Amino acid sequence: MAFEIQEQVDLTPYNSFGVSQVAAYFADIQDPADLSQAREFAASKRLSVLVLGQGSNTLFINDFPGLILYMNNRGRQILPGAGMLRAAAGENWHELVMFCLQNSLYGIENLALIPGTVGAAPIQNIGAYGVELDQFFVELEVFDLKTGEIRHMSKADCQFAYRDSIFKQDLGQKLVVLSVTLQLSLEPVLEIGYTGLKDALVGQEATPQSVFDAVCAIRSSKLPDPKQIGNAGSFFKNPVISRSKLVSLRELYPELPAWDTEDAELVKIPAAWLLDQKGWKGRQRGGAAVHEDHALVLVNRDNASGEDVVLLAQDMSSSVLQSFGIALQTEVRII
Ligand SMILES: Cc1cc2nc3c(=O)[nH]c(=O)nc-3n(C[C@H](O)[C@H](O)[C@H](O)COP(=O)(O)OP(=O)(O)OC[C@H]3O[C@@H](n4cnc5c(N)ncnc54)[C@H](O)[C@@H]3O)c2cc1C
């Protein structure tokens with residue numbers, strides 16, 4: 001198909017919150033070779049550029065006056081070398097997880113049903129049920145919007161951390177991920193320590209397939225499907241605080257849960273627990289609401305605008321800051 005830049009494109013189908021904003025220019029990138037032309041077009045009109053996958057971690061609060069690069073390139077390739085696999089940025093993440101399982105490539109079953117594209121997976125180092133992408137990551141290929149060059153980035157270059165990477169920093173926003181290479185295992189590697197997952201597997205043999213099935217079942221029963229009600233999964237990250245802060249908080253809230261991190265001085269605490277204490281479940285502001293069962297999930301209940309969602313999120317984080325002295329950070333990218 002000839003490369004084309006569309007104008008005044010409604011973004012409703014391109015974000016999982018389902019908010020309706022308009023992009024001034026929009027390019028459906030099926031062939032990475034078209035990125036050079038798209039880059040020249042943006043430069044000639046002095047447009048800002050936004051890379052978009054399936055919009056399941058993105059909230060638009062205004063029309064976007066620049067050019068959207070909608071990454072839709074496809075391809076999956078098992079590479080020579082035991083367990084190596086390369087997938088194009090526009091591939092659907094969950095379909096890749098299924099493809100791996102079908103080809104006896106193991107390790108990412110716990111990341112089943114995470115919405116979105118392969119290209120977006122490294123941006124926030126997706127994770128679920130005790131597994132994170134960086135455990136299997138080898139390298140990725142990027143198109144540099146500043147220089148127009150294609151280059152490779154190693155795991156160290158990507159600076160992965162909890163729901164974070166170099167791509168969330170200023171420089172990273174100029175990079176378009178074209179493909180991701182993973183090293184999977186030819187032998188099952190099971191991570192079933194996570195409480196809900198362990199419980200779901202009681203009475204059955206833990207295999208990559210049963211873990212995959214259990215993860216899909218838990219997610220489908222617990223998390224709202226964006227096709228039914230707009231949302232972007234967890235809106236806030238779990239805060240990381242010092243051990244001394246935890247000790248002082250536990251004087252007031254002895255039940256406050258906490259998990260160890262790689263740094264002995266820091267612990268992670270559940271943002272959902274903090275929000276629960278403030279009674280946020282089910283509350284609504286404008287068309288946006290907090291899910292009845294999940295204080296971390298904001299939903300588009302009644303034709304919400306992006307602004308409705310952000311105002312609700314601001315009220316939520318202010319209440320947590322006031323009561324616990326903890327500033328919540330958003331996981332969702334607000335545009
Ligand atoms: C119901 C639900 C459940 C979820 N559960 C989880 C979960 O368990 N764990 C988790 O980690 N996340 C979860 N998420 C968040 C989301 O699925 C992930 O962040 C996913 O990786 C987003 O993919 P996407 O293609 O939709 O990204 P988008 O929303 O399109 O983009 C996200 C960010 O990545 C950038 N980006 C996208 N593609 C590229 C590219 N090719 N090159 C450079 N930058 C790019 C965008 O500019 C943006 O900053 C959930 C979301 C929903 C709706």
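**A friendly note on the ligand site and the domains**

1. By class, the shell around the ligand is made up of 16 nonpolar, 14 polar and 4 charged residues. Please keep in mind while reading that this is a predicted model.

2. Let us stay with the ligand for a moment. There are 34 residues around the ligand, and those that come nearest are Val 51, Gly 53, Ser 56, Pro 115 and Thr 117.

3. Three polar contacts are worth finding in the viewer. An N or O atom in the side chain of Thr 58 is 2.7 Å from an oxygen atom of the ligand. For Asn 57, the atom to look for is a backbone N or O, which lies 2.8 Å from an oxygen atom of the ligand. Arg 333 uses a polar side-chain atom, placed 2.9 Å from an oxygen atom of the ligand.

4. How much of the ligand's accessible area does the protein cover? On its own the ligand has 980 Å² of accessible area, and the protein covers 94% of that. Four elements each give two or more residues to the shell: strand S3 (49–52), strand S8 (127–128), strand S12 (175–183) and strand S13 (230–234).

5. Now step back to the whole chain. The protein chain is divided into domain 1 (5–71), domain 2 (76–183) and domain 3 (230–334).

6. Domain 1 and domain 3 have C-alpha centres 29 Å apart. Contact between this pair involves 11 residues of domain 1 and 17 residues of domain 3. Together domain 1 and domain 3 bury about 1,100 Å², with 59% of that area on carbon and sulfur atoms. Which three residues supply the most of the area that domain 1 buries against domain 3? They are Phe 17, Asn 57 and Leu 59, with 57% of it. You have met Asn 57 already, through its backbone contact with the ligand.

7. One last spot to visit is Ser 185, found in the loop between S12 and helix H4 (195–200). A polar atom of the Ser 185 side chain lies 2.5 Å from the backbone oxygen of Glu 187. Leaving aside residues up to four places away in sequence, Ser 185 touches Ser 104, Leu 105 and Tyr 106.

Technical notes:
Residues are numbered from 1 along each chain as its sequence is written. This is a predicted model: local features need pLDDT of at least 70, side-chain atom pairs count only at pLDDT 80 or more; totals for chains, interfaces and linings use all residues. Side-chain values use heavy atoms; hydrogens and water are left out. A residue is near a molecule or strand if one of its heavy atoms lies within 4 Å of it. A polar contact is a pair of N or O atoms within 3.5 Å; within protein, one must be able to donate a hydrogen and the other to accept it, and residues adjacent in sequence count only if both atoms are side-chain atoms. Accessible areas come from the Shrake-Rupley method with a 1.4 Å probe; for residues, only the protein chains shown count as cover. Ala, Val, Leu, Ile, Met, Phe, Trp, Tyr, Cys and Pro count as nonpolar, Asp, Glu, Lys and Arg as charged, and the others, Gly among them, as polar. Domain bounds come from an automatic or database domain assignment. Contact means heavy atoms within 4.5 Å. Buried area is the accessible area (1.4 Å probe) that two parts lose on being put together, summed over both.
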